[in-house]
Every structure is written in structure tokens, then in C-alpha cells.
Amino acid sequence: MKPSSCALDPCPSSLIKSNRAAISPLITQIINKSLKSGHVPLPLKTAIIKPLLKKSTLDQDILSNYRPISHLPFLSKVLEKAVATQLQLHLEQNSLYEKFQSGFRSAHSTETALLRVTNDIYMAADAGSTSLLVLLDLTAAFDTVDHNILLHRLHAEVGLCDTVLDWFKSFLSNRLECVSLGKAKSQAVSVSCGVPQGSVLGPLLFSLYMLPLGQIINRYNISFHCYADDIQLYIRTGASSPSSLNAFTTCLEEIRKWMTQNFLQLNCSKTEAMLIGTPHQVQSSTMTTVFFSGQDIPLSTIVTNLGVRMDSQLTFENHIKHLFKICFLHLRNISKIRPFLSFSDAETLVHAFVSSRLDYCNSLFVGIHKKHLQKLQYIQNSAARILLRARKSAHITPILHDLHWLPITCRIQYKIALITHQCLNGSSPDYLKDLLTPHSSTRSLRSQDCNFLHLPRSRLRSMGDRAFAVAAPRLWNSLPDHLRAPQPLTDFKRGLKTFLFKQAYSAST
């Protein structure tokens, strides 16, 4: 547990953690009594709401730009963590999770979600079809969850009953919250709907609330992916699938009706659509809008999907331009205070504000244009020079070597290889594992025990070759035998970095 304290805590959580040997028996007794009785004490259901601006660039005077984060007592989070661990185990063992829901799940992330979506779009373009991508936006989704519907889901679809179901009834009922802003604090009011943002169970319960949505979309044979309340739907379009657009429109209308019935509100003004394919495929299409909820949604040329700016050819040019601007804003600020920082403090700042951005979803950058890779490398080079306080004219290769930093291209390869290893060793989403197939041969060959992957055929370097189903096997099969062998993740990461490091700097050493 993170040692985050709440104003409702009688003592700092760090004090509890430092004296856990003496306090944990009492906490254990409280948790066990709560679980056995199916009752959650009222003090553990009281929250202080602190509004958090969704983005720093938004207008602070508009209330809808804030996210209501619930600050709960430390003991409440411990209790929720105990329940969440058992609930997640039940969901895993009984295959109750929605396969294409990546929010708040172990080994799932925005990167794995985008890898699967872009893979399918690349393969469609490689086969000669454009893809229509629609991003649905929900308004205050966590705050409008109906408790009776949620409890029905937990009973009918998740299989909870008796004391366990009583515990969740108690958890959701008679909750209190007040708003704290600066030194001002509102009166406590009861909560009649919604799951608390900032709690441990809230996100998991929301995912279970959304379970029927996947069943609706699957009936229309439409590809989709969810990350919490972010919903992506995509289909192949063109002459090969003329009826798909009609099915897509019908599916969108049924989704809208289901949302209304479940007290969820679609924000049509923020719903975006984009046609993706090769330049020729996109230009040849006559589609300009998508009809949804009684209005035509114009096709966009750029959309922001889970923090990544995507364009209609998936060049990621606009994303890298934005990355360039943000990273250099932070680098300029770091350079101003660098003379007053120790090396370790400066390194922490660089990794927090620059390296983390360069590595975010960088597995999507496989096969991007060389000029975009050079921009990313220029960001890393500038960060390295600032960190070591080197001159601009200093040769960059020895600097990166001394810092033990992999160049951008190698960092992309590292991420792809790492995800591939996780797919082959059971710690990645099933929807990525499905894209990889072990190599098999009709004849007995010496290479059959080398853990090679089957490499699918692709036509287009700009599309098919960039799909995870193609790029991952190609990279994996190029690794030395000792890296492809089954081994713990920590050993693989160490060996992979050593291999890529030697490959990157062999000419300079």
C-alpha cells in the first residue's frame, strides 16, 4: 500500500506501516469481521472529494473540467484491497473478464490495448482495406453507475451471492462524501449512485458494470477495445465489406440505447471517427461522416487515443511533434536548475519528465519514418547532454554509452522483445498472445527446439510489416538462442539490454 494519508485518518499511514507488526493483528481482525458479517463500517465509507483538474491546460473556472477524486481512510483501502484481490482471483479462474477490456487489469495497459488495435488496422490495410475507427466518449461515467444494476451484475453475471453479495450491498449503501477545496469544506451528503474514483474497488466495479457492452458489440462481429470508460470500435471498410457499415451504424445505435438504460451518457460532441489506411486507400474512399445518435460525425485527420496522437496513415508525426515540444519545455526548465542539482536528482527529473514520455507506447513506433526517429533521438541526446552538463558540440555516442542508455531504436526493440517474452511466458493479455504462433515444420529440423515464432507474410512495409503479429516474430527470431530460451523475466531483461547495448555501441568500443 502506498503511504498516502487522508484527513479522515486518526494517524498518518506511514506511522501505521512502520508499526505494522503491532497493528496488523488488529487490522486483520477488523477486516475478517467485516467479511464474515457482510458489513462495512460507516467510517470506512466516508470520503473527502478533492477536485482534480483533468488537464493543466483546461479552464479552471469550468467545473466539468475537474475529476472528483475520493480520498478515503487508509484502513478502508486496506479492506478494499483484500476484497479486490479475492474478486480478481474469482474473475480470472472463471474467465469472467471481458477479453478486450484492458483497464485496471494486471499485465494489461494502454500500450497493450493500442498494440492490438493498431495490429488489426495494419493487417487490414496490408490486405487492401481501410479501417474505420470510432472513439466513444462517456460523460462522468464513474459517477452515474446505478447501484441496483451493479448489484444485479455482481449476482447474475459474476456469481456473487449470500454474505459476499451482502458485503457489496453494504459497501455501496449509506456512503457519505464532502468536498474540500483549499481551506473550505462542504457538509457531508449521501451518495446514491456511482463508484468512488480514487478507491481500490471503484475501477474494478465499473469494469464489471460494463460487461454487457462487449456482448452487444460481439453480436455484430465488430472489433472493439475498452480501457475503463474509453471505448474504441473499428471495422474494415471498402468494396470487400459493403454491409459492414450498416451493421456498424446499427451497433452504435444499440450501444446508445444500452447506455441510456444503464444511466450512462454518451458525449456525442467528443466522439471522434477516423478512416485509417495507406494514403491511396484513404484518398480513394468516399466516406466523409459517420451517422451516430441522430447526427453526422465528420471524419477527423488526427485523434488522441489513450494519450497517443494518431493520424490516418499511422505515421505518428503529430504525436512526435507534440512530444518534441513537451520534452524540450521540461528540458529547458531542468537545464536552468541543473547547476544546483546532484547527478541523481537531475537523473530522476530527466527520467520523470523526458524518458518516461519517450518510452510511453514506443512499441507503436516500429517502422516509422527515419526522420521521426531522428527527432526522438535528438530529444534523448539533449537530455543526456543536460544531465552530464556536456557541451552541445560534444560527441553524443560516448555520453549515451557512459549513461548506459539504449538509443531510441534499441529502446523500441527492447519494448517489443519484452512484450513478446511476456506473451510466450503467460504474463501478457490473451489478445496479444493470440497474435503469436510457435514455428512448426513438417520435417524434423535442428531449429525446431530454438523457440522460433511463425512469421506471417505481409505485403506493405508501411503497414503489414509494422503490425505486432509480424514485427514481434521477426525481432524475436533474430535474437540469440540464449535469449529465446525460457527464463525468468528479470534474467531476460538483463540479457536483452546487454545484447542490445553491445549491438548499439560495438563500433565505438
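Which residue in S11 is the bridge partner of Ser131? Hold that thought for a moment, everyone.

First, some housekeeping. This is a predicted model, where local features need pLDDT of at least 70, side-chain atom pairs count only at pLDDT 80 or more, and totals for chains, interfaces and linings use all residues. Residues are numbered from 1 along each chain as its sequence is written, and side-chain values use heavy atoms, leaving out hydrogens and water.

Now, the sheet. Four strands, in the order S8-S9-S3-S11, make an open, antiparallel sheet; strands are DSSP runs of E with at least two residues, helices are runs of H or I with at least four, and both are numbered from the N terminus. Two strands pair if DSSP finds at least two bridges between them. At the edges sit S8 (223-227) and S11 (272-276), each pairing on one side only. From one strand to the next, the twist averages 15 degrees.

Back to my question: S3 (residues 130-136) pairs with S11 over 5 bridges, and the partner of Ser131 is Ile276.

Two helices lie across these strands. Helix H4 (residues 110-126) crosses S3, S8, S9 (230-237) and S11, at about 10 degrees to S9. Helix H9 (residues 244-261) lies across S3 and S9, at about 165 degrees to S9. Those angles run from 0 to 180 degrees between N-to-C directions, with axes fitted to C-alpha atoms, for helices over the stretch in contact.

Finally, Met310: leaving aside neighbours within four places in sequence, its contacts (heavy atoms within 4.5 Å) include Leu114, Leu133, Met274 and our friend Ile276. Thanks, folks!
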